[in-house]
Amino acid sequence: MERFTERAIRVIQHIPSGKVMTYGQIARLAGSPKGARQVVRILHSMSQKYKLPWHRVINSKGEIGLTEDESFFIQKMSLESEGIKFTGRASINLEKYQYHPDDSTF
């Protein structure tokens, strides 16, 4: 497994309940500032195997990026069950809910 992938998995695994991170934020912490799309791939292909809290990862606008209805609602309901309040149909206040771990954690 590539070093970036290993680091991204670790970052995602450490997102606490009730907090979110963005794809780009995870990519930067994992060592590839332009690797947001790679984070999407990791979440898609490895969430089940590594028990990743995929629902805690959103886009840089503070929105759920999924367009497929069932996955969208699963993500939204999962976040709401952790106490996250939405400001619109798919929007989250990043100032309130974004997790900012220390870079040295990973």
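This passage walks through the fold of a single chain, from its overall dimensions down to a few individual residues.

The model is predicted, and the chain's secondary structure adds up to five helices and two strands. Read from the N terminus, the order of elements is α-β-α-α-β-α-α. On overall size, the numbers line up nicely: a compact globule of 106 residues would have a radius of gyration near 13 Å, and the chain has 13 Å, so the two agree. The C-alpha trace spans about 35 × 25 × 20 Å along its principal axes.

As for what is tucked away, 46% of the 106 residues count as buried. The accessible surface comes to about 6,400 Å², and carbon and sulfur atoms hold 48% of that. Take the contacts between residues at least 6 apart in sequence: 58% of them join residues at least 24 apart. On the charge side, the chain carries 16 positive and 11 negative charges, and the mean positions of the two sets are 3 Å apart.

Helix α2 (23–30) is mostly covered, with seven of its eight residues buried. The buried set is made up of Tyr-23, Gly-24, Gln-25, Ile-26, Ala-27, Leu-29 and Ala-30. Their cover includes two helices, α1 and α3, along with the strands β1 (21–22) and β2. Just past the end of α2 sits Gly-31, with a positive phi of about 105°.

Next comes helix α3, which takes in residues 36–50 and isn't straight: there is a kink of about 45° centred on His-44. Buried in α3 are Val-39, Ile-42, Leu-43, Met-46 and Ser-47. The spacing of such a list is easier to read with some helix geometry in mind: an α-helix has 3.6 residues a turn, so residues three or four places apart point the same way. The buried residues of α3 pack against α1 (3–13), α2 and β2 (57–58), and α3 is in turn part of what covers the buried residues of α2.

Gln-38 also belongs to α3. With a relative accessible area of 28%, Gln-38 is partly exposed, because buried would need a value under 20% and exposed one over 50%. Its C-alpha atom is 9.3 Å from that of Ala-8, and the two residues are 30 apart along the chain.

Right after α3 comes Lys-51, in the loop that leads from α3 to β2. Its phi is near 50°, a positive value in a residue other than glycine. Lys-51 has a relative accessibility of 71% and therefore counts as exposed. So both α2 and α3 are followed by a residue with positive phi: Gly-31 in the one case and Lys-51 in the other.

Back towards the N terminus, Pro-16 lies in the loop between α1 and β1. Pro-16 counts as partly exposed, at 30% relative accessibility. Neighbours within four places in sequence aside, Pro-16 is in contact with Arg-56 and Tyr-99. Asn-59 is 43 residues from Pro-16 along the chain, and the C-alpha atoms of the pair are separated by 17 Å.

Methods. Residues are numbered from 1 along each chain as its sequence is written. This is a predicted model: local features need pLDDT of at least 70, side-chain atom pairs count only at pLDDT 80 or more; totals for chains, interfaces and linings use all residues. Side-chain values use heavy atoms; hydrogens and water are left out. Helices (H or I, at least four residues) and strands (E, at least two) are DSSP runs, numbered from the N terminus. The radius of gyration is taken over C-alpha atoms; the globule rule is 2.2 Å times the number of residues to the power 0.38. Buried means under 20% relative accessible area, exposed over 50%, partly exposed in between (1.4 Å probe, protein chains only). Contact means heavy atoms within 4.5 Å. Accessible areas come from the Shrake-Rupley method with a 1.4 Å probe; for residues, only the protein chains shown count as cover. Lys and Arg count as positive and Asp and Glu as negative; His and the chain ends are not counted. The place of a charge is taken as NZ of Lys, CZ of Arg, CG of Asp or CD of Glu. The bend at a residue is the angle between axes fitted to the seven residues ending there and the seven starting there.
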